[in-house]
Each structure stands twice: as structure tokens, then as C-alpha cells.
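Trainee: I am new to this structure and would like a close look at one part of it, the packing in its interior. Could you take me through that part slowly, and then show me how the surroundings are arranged?

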Amino acid sequence: MSARIVVAGASMAGLRAAEQLRAAGWTGTITLVGDEPHMPYNRPPLSKRVLAGTAPFASLALTPRANTADVEWRLGTRVTGARLRDRVVVLDDGEELGFDGLVVATGLRARRLRCPGPSGPGSGRHTVRTPADIRILRAELAPSGVRLVVTGAGFIGCEVAATAVGLGVHEVTVVDPLPLPMVGPLGELLGRALLQRHEERGVRFALGTTVAGFEGGNRVTGVVLGDGTVLPADVVVESVGSLANTEWLDGNGLDLTDGVLTDEQLRVGGRPDVVAVGDVARFPNARYDGVPRRVEHWCIPTDTAKHAAKVLVGHLNGADAEPAPFAPLPTFWSDQHDFRLQSFGAPALGVGDVRVLDGDPAEDVLVGYHRDGRLVGVVALGGHTAAAGAARYRAQLLKQPALTA
């Protein structure tokens, strides 16, 4: 029987892992198992162009490389358990798949608010994670006079709010316990700039307060805030973070505190035959320090897959050497209204020392984030000129030597 690598998770991270396993020289069987019925697709446009109706759902599809033509796809199938010592994963129908190598790529799911009030299908409460989520949400935003409340002023919350305003939704209000939108990853300076831009374009904010519950019978009619204020609502989008899909790995002695803990080579639990990729992986980045973190940026599935594949195939093929410790340069962008956020590096590590590198926060601006005097990230806010300014710093960030813990 051919040696087999099982990739648990068939989203973008799983696809990139399969491609990179072949690129790294793996000629054995690759089996991808994923709970969604779709082939892998691109998630970022869901909250923007797809919700806005300017891009069809079919445009989300990712095209697998030719080197994955012989990969076995097990779609609509969930991995429910694993016995790593026996090198076995368990599927939702009870089938057990043996493996020589395992790639953990099960990703995330949307976190939900646990509050009193209507819940479940038809309640008017939504998340933004899958094409099915967007189909239902878009239909509910279509009628005139709709009042939308978005809980969470992070990336997804701000993108959904901006898209809803563009669709002509009657009222759009964003609720967040923090004092400014996206203040956690970006800091106060850009948080204030984002607040101003959103308000100028019609988004309302209720900041510094929590959601205590929802009014209504079978369907939401209002959002109750922590101070007792009620925001009228016909539709609610919950964008309050994500949960890592790691329950299937319980019982294997792994650290699953926040995703799957890996070492600097993306190996899991000290096992050379198990690696983790994508936003489920909590890894130390040698570029900054030895603190393991999950990173939910679009570049991470590809970056982690490329490194993890080399490590896993090297082990299975008996290679003596291993790559240098994983040290990616994170990248993200976020399109909101008529402006873009573009980032290179890890700005969240430098929110205590933020400096304007070029421009004006009221217009196009380029901001640098520093830790211990060292530039660790840049973020541009504005149009294409600002984004191009951020890109010029990418080479500088890449050239900086890695730090030790």
C-alpha cells in the first residue's frame, strides 16, 4: 500500500498544503478531508465584493495546481478524532484513515455571542464565514428600511458595515466594547482615523459597550447593550472573533489552548510526522520572538504550507537537514468603502510606539509600528498611493535579521 499523507481540512490551507507536498517531492498518496461540500475557495471577498453583489460566488473558487490532479478529495466529511500514536484519524462516519504523515489544516469557525434572546436559523442573527452565510445575509439586507447592527469592530465587522452602507441599508450600527474600531491590531492613531472615515460615510458606532442580549420572539427586533440601551435591529451580524477547530485532536496530549501549538518548524506535539498549517496553527515567528501566536491573514495558508511541507516530506523521505526556523512576514489588506488598509509585518506588536511615516491621518497616511525602537510593521490607510508606500517598506522588513526569544 502506498504511503499516505492525510490533510485534515480542505479549505485554502489544505489545498496549499497538498500543492506544496507535491512540490517538496512527495509522490505517495495525499488525501484531503474537509467538512464543506465545496472545493477550496477564497474567503476575503465574502464580506466585500460578494456581499455587495459585484462578484459572483463562482469567482471565489481556487484553481488547484496541476500537481494535485491525483489528490484524493473527501469533501463533505468531517474529521472527528485522531489517535496520533496509532497514526489514525477518525471520520464522522466512523471510518478510520491511517497516515504516515498528517497535516492539521482544520481552520476556524465563527465565534457566536451567548446572550439571551432569539437564536438559530431565521432569527436574523448571522455570521460571515461561508458562501451560504452570505447568500442568506444578502437576501435579508435587500428590503428597504432594514436596520443592521454589527457586533464587533474588527476587520470583518468594519468590512460588513462598509458593504452594507454601499448596498443602501437604511441604518448600520457597529457595537464594540473597545473605544475605537480595530484599535487592538492597529492602535489609537489609525483607530481614530477609521472611526472618522466610517462615520463620514454613514456608519454609526456604539463603542465602549457590550451586547447583553437580543429582543424579539422568534426573530431579533433589537440589540440590548450593557447599559440597557436598545438598538432597533432587523438583522444582526456577529463578528466577534473565531474559534479554532481543534476538538478532534483532544486526548493526544497537545496544547490546544488557542489553536494547535507548534514548534518553530510547524511540527505538532514534538512529532516529526504531524504539522499544522493555516490559521489553526499557533507558531513562534523567529522574525520577531519566540512567542507562539495564531495569525489569521490571507498569506498564512501559503506561507505555512510551503514550510510545513518541506519539513514533513523531509522527515518522511529521510532527509538529514531541516529548513531554518519559520519566519514569515505577515501581510494583510482590508477594503472598506472607498479606501484600503494595507499592511506588512506585525503592527500589533508595535502599537505602543506608532509613528507617522508619511502623509496625514485625515487623508492618505503611512504609519510605522516599532518595538524596542525596531520597525516591526507598517500600515497604509487610504488609496493606491498610500498602499504603494507600504509596499516600499516590505523589502526593509524582510532584510531585518530575525530576533531570538
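**The core and its surroundings**

Mentor: In the largest nonpolar core, which has 53 residues, the members that touch the most other members are Leu141, Leu148, Leu186, Leu190 and Leu381. Please keep in mind from the start that this is a predicted model. Apart from that core lies another one, of 50 residues, which includes Val7, Leu91, Phe99 and Ala105.

Let us stay with Leu381 for a moment. When residues up to four places away in sequence are not counted, Leu381 touches Leu190, Ala193, Leu194, Arg197, Phe339, Arg340, Leu341, Glu363, Asp364, Val365 and Ala386. Leu381 falls within strand β27, which covers residues 374-382 and is joined to β24 by six bridges, the two strands running antiparallel. Along this pairing, Gly377 of β27 has Gly345 standing opposite.

Strand β24 itself, residues 339-345, deserves a careful look, for six of its seven residues are buried, and it is therefore largely enclosed by the rest of the structure. A residue counts as buried here when its relative accessible area is under 20%. Besides its pairing with β27, strand β24 is joined by six bridges to strand β23, residues 331-336, and these two strands also run antiparallel. In that pairing Arg340 of β24 stands opposite Asp335, and Arg340 is also among the residues that Leu381 touches. The strands β23 and β24 form a hairpin with two residues between them, and in the turn His337 has a positive phi of about 55 degrees. As you follow these strands, it helps to remember that in a regular strand the side chains alternate between the two faces of the sheet.

From here you can move to His370, which has its place in strand β26, residues 365-371. His370 has a relative accessibility of 9%, and therefore counts as buried. If its neighbours within four places in sequence are left aside, His370 is in contact with Gly350, Asp353, Arg355, Leu375 and Val376.

Now turn to strands and helices elsewhere in the chain. Strand β1, residues 4-8, pairs with β2 in the parallel sense over five bridges, and the bridge partner of Ala8 in β2 is Val33. Strand β2, residues 29-34, is mostly covered, with five of its six residues buried.

Helix α1, residues 12-23, and helix α6, residues 300-316, have axes that come within 8 Å and cross at roughly 40 degrees. The two helices are therefore oblique to each other, and α1 passes α6 in a right-handed crossing. On the side of α1 the contact is made by Met12, Ala13, Arg16, Ala17, Gln20 and Leu21, while α6 contributes Pro301, Thr302, Ala305, Lys306, Ala309, Leu312 and Val313.

Two three-stranded sheets can be set side by side. One is an open sheet with the order β4-β5-β6 and antiparallel pairing. Its edges are β4 (79-83) and β6 (96-98), each with a single partner strand, so one side of each is left without a neighbour in the sheet. From one strand to the next the twist averages 25 degrees. Within this sheet, three bridges join strand β5, residues 88-91, to β6, and these strands run antiparallel; Val88 stands opposite Gly98 in β6.

The other is an open sheet with the order β18-β21-β22, and its pairing is mixed. Here the edge strands are β18 and β22 (292-294), each of which pairs on one side only. Strand β21, residues 281-284, pairs with β18 in the parallel sense over two bridges, with Leu261 standing opposite Arg282 in β21. In the loop between β18 (260-261) and β19 (267-268) lies Thr262, which has 7% relative accessibility and therefore counts as buried. Leaving aside its neighbours within four places in sequence, Thr262 is in contact with Arg267, Val268, Ala276, Ala281, Arg282, Phe283 and Pro284.

Another threonine makes a useful counterpoint. Thr63 lies in the loop between α2 (49-52) and β3 (72-75), and at 68% relative accessibility Thr63 counts as exposed. The C-alpha atom of Thr63 is separated by 37 Å from that of Thr173, which is 110 residues apart from it along the chain.

Terms used:
Residues are numbered from 1 along each chain as its sequence is written. This is a predicted model: local features need pLDDT of at least 70, side-chain atom pairs count only at pLDDT 80 or more; totals for chains, interfaces and linings use all residues. Side-chain values use heavy atoms; hydrogens and water are left out. Buried means under 20% relative accessible area, exposed over 50%, partly exposed in between (1.4 Å probe, protein chains only). Helices (H or I, at least four residues) and strands (E, at least two) are DSSP runs, numbered from the N terminus. Two strands pair if DSSP finds at least two bridges between them. A nonpolar core is a set of buried Ala, Val, Leu, Ile, Met, Phe, Trp, Tyr and Cys residues joined through side-chain atoms within 4.5 Å. Contact means heavy atoms within 4.5 Å. Axes are lines fitted to C-alpha atoms, for helices over the stretch in contact, and angles run from 0 to 180 degrees between N-to-C directions. Angles under 35 degrees count as roughly parallel, over 145 as roughly antiparallel, 65 to 115 as roughly perpendicular and the rest as oblique. A crossing is left-handed if the near helix is turned anticlockwise from the far one by less than a right angle, and right-handed if clockwise.
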